[in-house]
Protein chains: 2
Amino acid sequence: MPLLATLGQSGPIYLQIRDRLRHAIGNGEIVAGTRLPSSRALAADLGLSRSTVVAAYDQLIAEGYAQSRPGAGIFACDAGPMTGPMTGPVKEPTIGANPNGAPGSAPAGRSEPPLALSPGLADLTLFPVRSWARTIGRVARSEPETLHHCPDRFGDPLLRLQIARHLLAWRGVRCDAAQVVITGGSGEALERALELTCDAGATVGLEDPGYPPIRRFAQARPWGLRWLGIDENGAVVPRGRPAPRAVVLTPSHQFPLGGAMAQARRAAFLDWARRTGGWLIEDDFDSEFRYAGRPIPALAALEGGDRVIYVGSFSKVFSHGLRLGYMVLPAPLVDPARRAMHREAPRVSVTGQRPLARFMEDGSYQRHLRRVRRVYARRHGLLMRALEAHLAGRAHWRRDNAGMLVAVHLSEGVGDRQIAAAARRAGIGCLPLSDHVAGPGRANGLLLGFCATPDHRIAEAVRALRLALQEAGQPVGGGDSGG
Amino acid sequence: MPLLATLGQSGPIYLQIRDRLRHAIGNGEIVAGTRLPSSRALAADLGLSRSTVVAAYDQLIAEGYAQSRPGAGIFACDAGPMTGPMTGPVKEPTIGANPNGAPGSAPAGRSEPPLALSPGLADLTLFPVRSWARTIGRVARSEPETLHHCPDRFGDPLLRLQIARHLLAWRGVRCDAAQVVITGGSGEALERALELTCDAGATVGLEDPGYPPIRRFAQARPWGLRWLGIDENGAVVPRGRPAPRAVVLTPSHQFPLGGAMAQARRAAFLDWARRTGGWLIEDDFDSEFRYAGRPIPALAALEGGDRVIYVGSFSKVFSHGLRLGYMVLPAPLVDPARRAMHREAPRVSVTGQRPLARFMEDGSYQRHLRRVRRVYARRHGLLMRALEAHLAGRAHWRRDNAGMLVAVHLSEGVGDRQIAAAARRAGIGCLPLSDHVAGPGRANGLLLGFCATPDHRIAEAVRALRLALQEAGQPVGGGDSGG
């Protein structure tokens with residue numbers, strides 16, 4: 001390999017070796033699958049220390065140009081087209097595959113394509129990679145200082161303004177940018193909202209079934225917990241003493257059972273908050289995804305909504321990787337939140353904030369939402385038809401026309417954890433409903449996602465799920481197939 | 001104002017109004033300080049709804065082109081040169097001022113220039129805004145998918161590789177990229193390291209005085225706490241039962257007292273970890289800043305360092321706004337950490353990770369570190385001379401030649417909280433040492449930063465501090481001026 005002749009000009013030697021090999025792999029000089037010379041042999045050839053060659057190989061592996069197979073050696077990968085010796089591979093996102101998949105994945109090889117019907121996953125292939133990157137590039141040129149610093153602990157003022165506008169247009173929530181706090185995902189928002197409203201010894205109300213991370217967070221704090229059961233109208237208003245200082249609710253779409261909270265129940269919660277001085281923390285995690293019917297107004301948009309801390313997320317609807325969410329604070333909580341956040345290290349990166357604000361400002365974000373919603377609506381319909389065809393009589397579920405997952409209730413018999421494990425072996429990533437129950441309630445069912453499963457795999461995955469149910473000995477239950 | 005004639009072509013109306021006004025303010029057509037027409041008057045002029053004009057004004061305020069003075073109206077700001085109607089103002093970073101300061105700051109007006117001698121602050125004016133933005137722009141063109149998604153929960157493989165290289169070169173720590181976990185600042189790393197090693201009921205050892213956020217975090221968990229006092233050799237090895245499962249240490253530079261842990265004490269901690277099976281969590285928060293003498297090797301670089309979880313940060317040395325830190329896990333903790341992180345929502349944004357990896361790869365990061373270190377070394381020297389000139393005999397302090405702050409010990413008398421409050425009124429942002437004490441120990445002193453205070457303000461700030469001490473009635477103490 002005539003490497004030596006081209007080395008020796010500039011930059012660290014290991015990067016020069018990396019560049020040369022990357023180029024050779026990129027242009028096909030070294031064919032994918034070829035075993036690279038051992039680091040010892042190449043080091044001897046080039047008269048370099050072995051550690052230099054090992055460093056170059058590590059780099060190639062991290063960048064996805066080579067792969068280490070323990071015991072066998074290091075092999076060239078298919079790296080796609082090249083743009084030049086000093087830039088990374090341009091990877092075209094491909095439908096149905098992780099856009100940052102195999103070649104770019106971790107050296108540890110931990111990245112796997114998502115299992116079919118995994119709940120909670122957005123379809124990464126729909127992410128507007130190019131327009132997002134263009135927006136970031138534009139901000140880097142015209143507002144570079146916003147990419148490393150934000151003087152306001154509540155987050156970028158422009159992003160907060162765009163969020164306030166978005167909430168008015170999409171959710172009917174009327175607020176000022178000064179009330180909006182940018183957080184590291186909606187999880188941080190829920191945590192901060194609880195910390196802000198609950199002192200040690202306070203009681204916190206959580207829906208049950210509910211979102212396990214916020215349950216674990218609250219359990220690790222010095223708070224009493226009250227489980228709010230879910231009936232056909234939504235979460236049940238807490239009674240008795242001590243009254244919770246705050247309750248976390250998912251009124252637009254109960255997580256994980258689905259269904260919107262009935263109008264009368266909403267009014268009852270707002271009345272409860274007014275009477276007790278408690279706070280309602282509204283986790284509006286997937287309300288952008290409603291595929292039919294009228295939008296459900298947010299609790300924060302109703303009369304009495306000044307007792308509501310509204311929490312939203314960009315993770316589900318836009319990008320998990322950005323780790324951006326937000327909360328809208330009622331006016332009396334703004335100053336206490338500033339004081340509390342002043343005492344703590346910030347937990348949210350500024351780098352994506354101004355680009356996201358510009359992305360919302362020029363309408364790209366809203367276009368993306370509408371596009372994704374069309375795809376998810378279609379997949380929701382495909383899942384409904386497949387469930388009807390293959391699981392009617394064995395299970396029942398709601399026809400919500402909303403959200404990113406469907407809770408399928410199983411009749412008593414084999415437990416949902418066992419069935420989820422069997423399904424996983426068959427490539428189905430559903431989650432057991434019972435993992436989402438904390439209090440005295442019981443549940444036996446499976447949470448099925450549909451957003452990140454390509455259209456043509458949905459029916460096939462539901463068929464595989466039926467087989468898993470049969471093999472696990474799940475009897476033909478007595479439940480109806482509706483809800 | 002001939003606005004109407006130019007409106008009506010494309011985009012939302014409020015953005016068109018914003019563009020027109022922004023342009024007029026940018027090119028001096030509307031002079032800074034001019035009161036803009038009331039939203040009611042402008043709306044009537046243009047035949048638009050008032051809310052549209054309010055939206056345009058909000059946007060101008062958020063972007064720093066206008067300022068709201070309650071009760072007086074909205075006024076045009078001095079917005080600097082324009083690059084075009086659809087891009088934001090180009091703000092040249094100015095030395096000695098917050099680069100994202102007044103015009104770009106929050107509508108809430110909460111951004112203030114840092115007080116002199118505030119500890120814990122880096123000098124934002126030294127941040128390499130342009131080369132960082134160029135790097136992000138390059139990544140946006142050549143590896144756009146890395147700006148929204150990372151398939152590995154431990155973080156970008158290339159950044160982890162660069163961190164492993166950096167640690168070997170700068171800190172003597174030998175590790176594999178697979179052991180490196182990217183976190184949202186070093187705070188998250190410390191929290192995760194504790195959660196990973198300590199079950200409910202475990203005992204945790206924390207230095208006292210120490211870092212208040214990690215103390216508050218640990219106090220809110222179901223753990224027993226053991227305070228490790230600090231003597232002239234550093235933190236004291238815990239004795240007695242139950243042995244802590246983990247201790248958090250700052251061996252390179254004790255926070256906040258300063259001073260490096262003695263060699264024998266390091267060996268004693270490593271021996272303690274080996275004997276008890278406990279873990280050492282090494283918070284190496286500012287070790288890049290050592291202005292004289294030999295670098296202190298990291299605990300993780302020593303024999304027995306396989307009991308050490310090494311924690312590093314980019315916040316102090318690079319950018320607070322990126323919210324990036326990391327930990328290096330001993331091999332046996334890698335799989336447990338993967339399992340734990342798989343159960344939780346990620347807390348770290350991907351957007352800055354690949355750009356930072358490229359910034360490290362091409363040497364820009366290291367150049368930045370060396371440049372900043374030169375400036376901080378000079379300011380450290382200026383602070384030492386000013387303390388000698390103005391506070392000798394009233395206080396004593398270490399001559400560490402390291403870190404980002406100096407602990408100045410006061411003799412008994414007026415409490416440090418009272419003095420810090422008086423100093424704050426005089427524009428000095430020092431913090432009381434006693435706020436950093438949790439256990440039975442006592443301390444009376446002030447923490448002074450020097451990194452973010454311009455050279456010419458340091459001596460003047462120390463003089464003002466002496467006045468604050470005199471006014472608060474601090475007697476001429478018996479302490480020596482050395483350490």
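This is a short working conversation about a predicted model, covering parts of chains A and B.

Q: Let's start with the sheet in chain B that holds strand 9; what is the strand order?
A: The order is 3-11-10-9-8-4-5, seven strands in an open sheet of chain B, and the pairing is mixed. Strand 3 (180–183) and strand 5 (224–228) of chain B stand at the edges with a single partner strand each, so one side of each has no neighbour in the sheet.

Q: And how much are neighbouring strands of this sheet turned against each other?
A: On average they are turned by 20°, with direction ignored.

Q: Which way do strand 8 and strand 9 of chain B pair, parallel or antiparallel?
A: Strand 8 (residues 246–249) and strand 9 of chain B pair in the parallel sense, over four bridges, and within that pairing B:Glu282 of strand 9 is the bridge partner of B:Leu249.

Q: What about strand 9 and strand 10 of chain B, parallel or antiparallel?
A: That pairing is parallel too, with four bridges between strand 9 and strand 10 (residues 308–313) of chain B, and here B:Leu280 has B:Val308 of strand 10 as its bridge partner.

Q: Where does the antiparallel sense come in, around strand 10 of chain B?
A: It comes in between strand 10 and strand 11 (residues 325–328) of chain B, which pair in the antiparallel sense over four bridges; B:Gly312 has B:Tyr326 in strand 11 as its bridge partner.

Q: Back to strand 9 of chain B: why is it described as largely enclosed?
A: Five of the five residues of strand 9 (residues 279–283) of chain B are buried, so the strand is largely enclosed by the rest of the structure. Both of its faces are covered, with B:Trp279, B:Ile281 and B:Asp283 buried on one side and B:Leu280 and B:Glu282 buried on the other.

Q: Which helix of chain B goes with strand 8 and strand 9 in a β-α-β unit?
A: Helix 8 (residues 263–276) of chain B does, and together with strand 8 and strand 9 it makes a right-handed β-α-β unit. Helix 8 of chain B lies across strand 5, strand 8, strand 9 and strand 10, and runs at about 140° to strand 9.

Q: Different helix now: which residues of helix 7 of chain B are buried?
A: In helix 7 (residues 212–219) of chain B the buried residues are B:Pro212, B:Ile214, B:Arg215, B:Phe217 and B:Ala218, and the elements that cover them include helix 6 (185–197), strand 4 (203–207) and strand 5 of chain B.

Q: Switching to chain A, what sheet do strands 12 to 15 form?
A: They form an open, antiparallel sheet of four strands in the order 12-13-15-14, and its edge strands are strand 12 (395–397) and strand 14 (431–432) of chain A, each pairing on one side only. Strand 12 and strand 13 (residues 405–410) of chain A pair over three bridges, with A:His396 opposite A:His409 of strand 13.

Q: What does helix 12 of chain A lie across?
A: Helix 12 (residues 416–425) of chain A lies across strand 13, strand 14 and strand 15 (445–449) of chain A, and it runs at about 40° to strand 15.

Q: Last one: is A:Asn444 buried or exposed?
A: A:Asn444 sits in the loop between strand 14 and strand 15 of chain A, and it is buried, with a relative accessible area of 13%, which is under the 20% cut-off for that term. A polar atom of the A:Asn444 side chain lies 2.9 Å from the backbone nitrogen of A:Asp416. Leaving aside neighbours within four places in sequence, the contacts of A:Asn444 include A:Val408, A:His409, A:Val414 and A:Asp416.

Methods:
Residues numbered from 1 in each chain as written. Chains lettered and ligands numbered in written order. Predicted model: local features only at pLDDT ≥ 70, side-chain atom pairs only at ≥ 80, totals over all residues. Heavy atoms only, no water. Buried < 20%, exposed > 50% of the residue type's maximum accessible area, 1.4 Å probe, protein only. Helix = DSSP H or I, 4+ residues; strand = E, 2+ residues; numbered from the N terminus. Pairing = 2+ DSSP bridges. Right-handed = clockwise from strand over helix to strand, strands pointing away. Axes fitted to C-alpha atoms, helices over the stretch in contact; angles between N-to-C directions. Contact = heavy atoms within 4.5 Å. Polar contact = N/O pair within 3.5 Å; in protein donor to acceptor, adjacent residues only side chain to side chain.
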